[in-house]
Amino acid sequence: MFINLKDLKANIGSPIKLTLNSEPVFVEKEWQGRTFNVFNYRVLFNGVENELSATDSLKRKIDSELKLGDDFLLSWEEFTKDGQMRNYWKLQKLSNETQYENIKQPVSNGVNEFDQKLQESKAEQAVVKTNKEYVSPARNGMIFNNTIKLYIANDMAWTQDEFVSNYKRVESFLDSCENAQETKPVELPVEKPVQPKVAPSATYTADDLPF
């Protein structure tokens with residue numbers, strides 16, 4: 001699971017709530033022949049640990065304003081300078097007194113309050129959607145293999161649409177299994193071993209024996 005920063009950049013001004021859960025880990029990456037550096041943090045998003053890959057500028061903000069365990073809001077903002085539109089990462093630490101719903105000041109530019117609240121949640125919705133759609137090759141292969149088994153069991157008579165529908169059905173079943181709450185195994189009473197009863201040996205005198 002990861003925080004796709006493109007989702008935040010596509011929803012300017014819309015924050016997501018995170019919790020810092022680790023120190024940064026330096027990673028060198030390569031893209032289209034160019035090398036660049038990122039710093040990977042572990043953060044909690046909706047109670048689930050995700051990876052956040054920060055550039056130098058975002059890392060400086062995180063390191064200077066946060067400590068482990070801090071809750072914060074992260075958003076991609078824009079401003080105008082010298083006639084040019086520019087962007088920056090806005091990070092706001094949340095204290096016990098700060099409520100997520102009250103981060104923004106009352107609207108004074110005529111924007112409907114409902115529309116504002118909707119905008120605030122767009123980035124969060126986008127991140128959730130990205131994580132839901134992301135699957136590893138191994139997981140995807142497992143879903144495909146199980147769909148093929150069903151396809152063969154049904155005499156390979158599905159149409160293309162039916163195959164897609166059943167693939168999604170298998171995927172949905174896997175999601176349900178992964179999200180199911182763990183149940184404690186039923187503890188069965190321990191049966192005590194039964195000791196066999198041995199009849200006491202009879203004592204015979206020499207005169208009682210038949211020989």
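**Entry 1. Terms and an opening residue**

I count a residue as buried under 20% relative accessible area, as exposed over 50%, and as partly exposed in between. I note that the model is predicted. I looked up arginine 42 first, and its 28% relative accessibility falls between those two limits, so I entered arginine 42 as partly exposed. Arginine 42 belongs to strand β3. I then listed what arginine 42 touches, leaving out residues up to four places away in sequence: Thr19, Leu20, Asn21 and Ser22, and also Glu49, Asn50 and Glu51. I also took a C-alpha separation: arginine 42 and phenylalanine 2 are 40 residues apart along the chain, and their C-alpha atoms are separated by 8.9 Å.

**Entry 2. The chain as a whole**

I counted the secondary structure and obtained five helices and six strands. Following the sequence, I read their order as α-β-β-β-β-α-β-β-α-α-α. The chain has 211 residues, and I found 26% of them buried. I next took the contacts between residues at least 6 apart in sequence; of these, 53% join residues at least 24 apart.

**Entry 3. The nonpolar core**

Which residues have the most contacts inside the largest nonpolar core? I found Ile3, Leu18, Leu52, Ile62 and Leu74, in a core of 22 residues. I then recorded the elements that give two or more residues to this core: the helices α1 (5-9), α2 (56-65) and α3 (113-133), with the strands β1 (16-20), β3 (34-45), β4 (48-54), β5 (71-81) and β6 (84-94). Strand β3 gives the most, with four residues.

I looked at leucine 18 in more detail. Setting aside neighbours within four places in sequence, I found leucine 18 in contact with Ile3, Leu52 and Leu74, with Val43, Leu44 and Phe45, and with Asp70, Asp71 and Phe72. Ile3, Leu52 and Leu74 were already on my list of core residues with the most contacts.

**Entry 4. The largest pocket**

I recorded a volume of about 710 Å³ for the largest pocket. The lining comprises 20 residues, and those closest to the centre of the pocket are Lys6, Lys29, Phe36, Val38 and Ser53. The elements that give two or more residues to this lining are α1, β2 (25-31), β3, β4 and α2. Which element gives the most to the lining? I found β3, with four residues. Sorted by class, the lining has nine nonpolar, six polar and five charged residues.

**Entry 5. Aromatic pairs**

I found seven aromatic pairs in the structure. A pair of aromatic rings is described by the distance of the centres and the angle of the planes. I looked up two pairs that involve tyrosine 151.

For tyrosine 151 and tryptophan 158, the ring centres are 5.5 Å apart and the planes lie at 50°, so I entered the pair as tilted. For tyrosine 151 and phenylalanine 163, the centres are 5.7 Å apart; the planes lie at 80°, and as an angle over 60 degrees counts as edge-to-face, I entered the pair as such. This second pair links distant parts of the chain, twelve residues apart, with tyrosine 151 in helix α4 (residues 137-153) and phenylalanine 163 in helix α5 (residues 160-179).

Are the three residues buried or exposed? Tyrosine 151 is partly exposed, because its relative accessibility is 22%. Tryptophan 158 is buried at 16%, and phenylalanine 163 is buried at 18%. I also noted that Phe144, Tyr151, Trp158 and Phe163 form one aromatic cluster.

**Entry 6. Asparagine 166**

I located asparagine 166 in helix α5. Its relative accessibility is 13%, so asparagine 166 counts as buried. Not counting residues up to four places away in sequence, asparagine 166 touches Thr147 and Trp158.

**Entry 7. The loop between α4 and α5**

Most residues other than glycine have a negative phi. I therefore entered two residues with a positive value. Aspartate 155 has a phi near 60°, and methionine 156 has a phi of about 55°. I placed aspartate 155 in the loop between α4 and α5, and methionine 156 is also found there. Aspartate 155 is exposed, because its relative accessible area is 67%. Methionine 156, at 52% relative accessibility, counts as exposed as well.

Technical notes: Residues are numbered from 1 along each chain as its sequence is written. This is a predicted model: local features need pLDDT of at least 70, side-chain atom pairs count only at pLDDT 80 or more; totals for chains, interfaces and linings use all residues. Side-chain values use heavy atoms; hydrogens and water are left out. A nonpolar core is a set of buried Ala, Val, Leu, Ile, Met, Phe, Trp, Tyr and Cys residues joined through side-chain atoms within 4.5 Å. Buried means under 20% relative accessible area, exposed over 50%, partly exposed in between (1.4 Å probe, protein chains only). Contact means heavy atoms within 4.5 Å. On a 1 Å grid over the protein atoms alone, a cavity is a set of points where a 1.4 Å probe fits but cannot get out, and a pocket is an open set with protein on both sides within 12 Å along at least five of seven lines; lining residues have an atom within 4 Å of a point. Grid points are joined across faces, edges and corners, and a volume is the space filled by probe spheres set on the points. Ala, Val, Leu, Ile, Met, Phe, Trp, Tyr, Cys and Pro count as nonpolar, Asp, Glu, Lys and Arg as charged, and the others, Gly among them, as polar. Rings of Phe, Tyr and Trp (its six-membered ring) pair if their centres lie within 6.5 Å; planes under 30 degrees apart count as stacked, over 60 as edge-to-face and the rest as tilted.
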